[in-house]
Amino acid sequence: MSDDTASNAMWGGRFASGPDAIMEAINASIGFDQRLAAQDIEGSRAHAAMLAACGIITDSDAEAIREGLLTVLSEIETGVFQFSTQLEDIHMNVEARLKELIGEPAGRLHTGRSRNDQVATDFRLWVRGQFDAVDAGLQALMAALVDQAEAGADMVMPGFTHLQVAQPVTWGHHMMAYVEMFSRDLSRVRDARARMNESPLGAAALAGTSFPIDREMTAEALGFDRPCANSLDAVSDRDFALEFLSTASICATHLSRFAEELVIWSSAQFRFVTLSDRFSTGSSIMPQKKNPDAAELIRAKVGRINGALIGLLTVMKGLPLTYSKDMQEDKEQVFDAADALMLALAAMTGMVSDLKPNRDVLREAAGSGFSTATDLADWLVRALGLPFREAHHVTGALVKLAEDKGCDLDELTLAEMQTGHEGITQEVYSVLGVDNSVASRVSYGGTSPEGVRAQVARWRGGMG
């Protein structure tokens, strides 16, 4: 058996033809970068129009290129386009088909540019579109949360620290906490989009071009604010993709935190909320089960998205200027993370829209665990002028008394209250109910129904 035969047997399967098959497989990106087809054709159309305007190609060639590219786009969109791994990537696939359609003018399209600036432009356009999609998705989710907050502005529920009942809060206040969280994600999306909106087109391979091109024209045509100022940086920068993944990772973390709460809240032990059947599944063996699968899958998405961020950071961390083939590995993880994030946002928006809080269960839970103890301590400070540390000590003693008696604080008699401090009066009971507790939290950003409604109005006035 020859060395070649032995080698081929080791490669086996799809690589049985030897090194050429392996090189084609590792080098080709068309299997995933065909998702950039619309952006590639958009960039090429802008480039051809600019070349004609600058007198670098004729108007007739530019028109042939324009019409040919529209035909290629139509073929791709209708599914009749034949992609070839031998042509490596979306750029060469489009250009080869364009040549079949229009002949010689197709060869002039690549004047004054390189695949390096071409792919950087395509990828920026795609990521910019994803920023816009996430922007819309976040706005929809925040609107659903604001609706929940308004409907439950005075609905009392327990607030937790360490997953232990801490103080009563309102359902609306809890929902608005996530509005604030996702608003920061929205801010990051818009900030990153503004920063990345520069055009690499015309940077060519790495040094610019000797042709008298107009980079301002192509930047404007493609909706960029300006051309990238340095050709070396233009072709080698992937910060925009890293920022997208970073923003997506933080957003996915927020989605995961809320998903975790929905999993807990919908359990038989909590019964805080009822999830709609649209976002739950049954068990194959236990007929009583209603599983919060959508929430669990949202919770899992953060693993994929965080992994994509770490993956691309690792790809980029050792690359000298400018372009290296390593950067072909920048797209699949961004595509996957974008898909995962958009699906998670859509699912969470649906879940929030359908979510039914169980008012009576929430109210009962809000009063458990001596949740108004802090209100008692605050009253001792306000009404009796005690130092907070002393008020804390008095409250602790009264909590122990109530615990020993098996009752809540507001079920202690006044005489029992006065064993903690003789100055306590009947007025103390005005702060011990959960409704009184949340109503008293009127500081800016507090849980009072009044404050929640003010925040709802603020967001309704400024959403988007």
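Q: What residue follows α6, and what is the sign of its phi?
A: Gly-103 follows α6, and its phi is positive, near 75 degrees. Helices here are DSSP runs (H or I, at least four residues), numbered from the N terminus. This is a predicted model, where local features need pLDDT of at least 70, side-chain atom pairs count only at pLDDT 80 or more, and totals for chains, interfaces and linings use all residues. Residues are numbered from 1 along each chain as its sequence is written, and side-chain values use heavy atoms, leaving out hydrogens and water.

Q: What makes the buried residues of α6 lie on the same side?
A: Buried means under 20% relative accessible area, exposed over 50% and partly exposed in between (1.4 Å probe, protein chains only). The buried residues of α6 are Ile-90, His-91, Asn-93, Val-94 and Leu-98. They cover an arc of only 165 degrees around the axis (taken from the directions from the helix axis to the C-beta atoms), so they sit on the same side of α6.

Q: Why is the pairing of Asp-132 and Arg-193 called a salt bridge?
A: A salt bridge needs a side-chain nitrogen of Lys or Arg within 4 Å of a carboxyl oxygen of Asp or Glu. The side chains of Asp-132 and Arg-193 meet at 2.6 Å, N to O, so the pair fits that definition. Asp-132 is in helix α7 and Arg-193 in helix α8, 61 residues apart.

Q: Why is Arg-193 called partly exposed?
A: Its relative accessibility is 25%, so Arg-193 counts as partly exposed.

Key
Helices (H or I, at least four residues) and strands (E, at least two) are DSSP runs, numbered from the N terminus.
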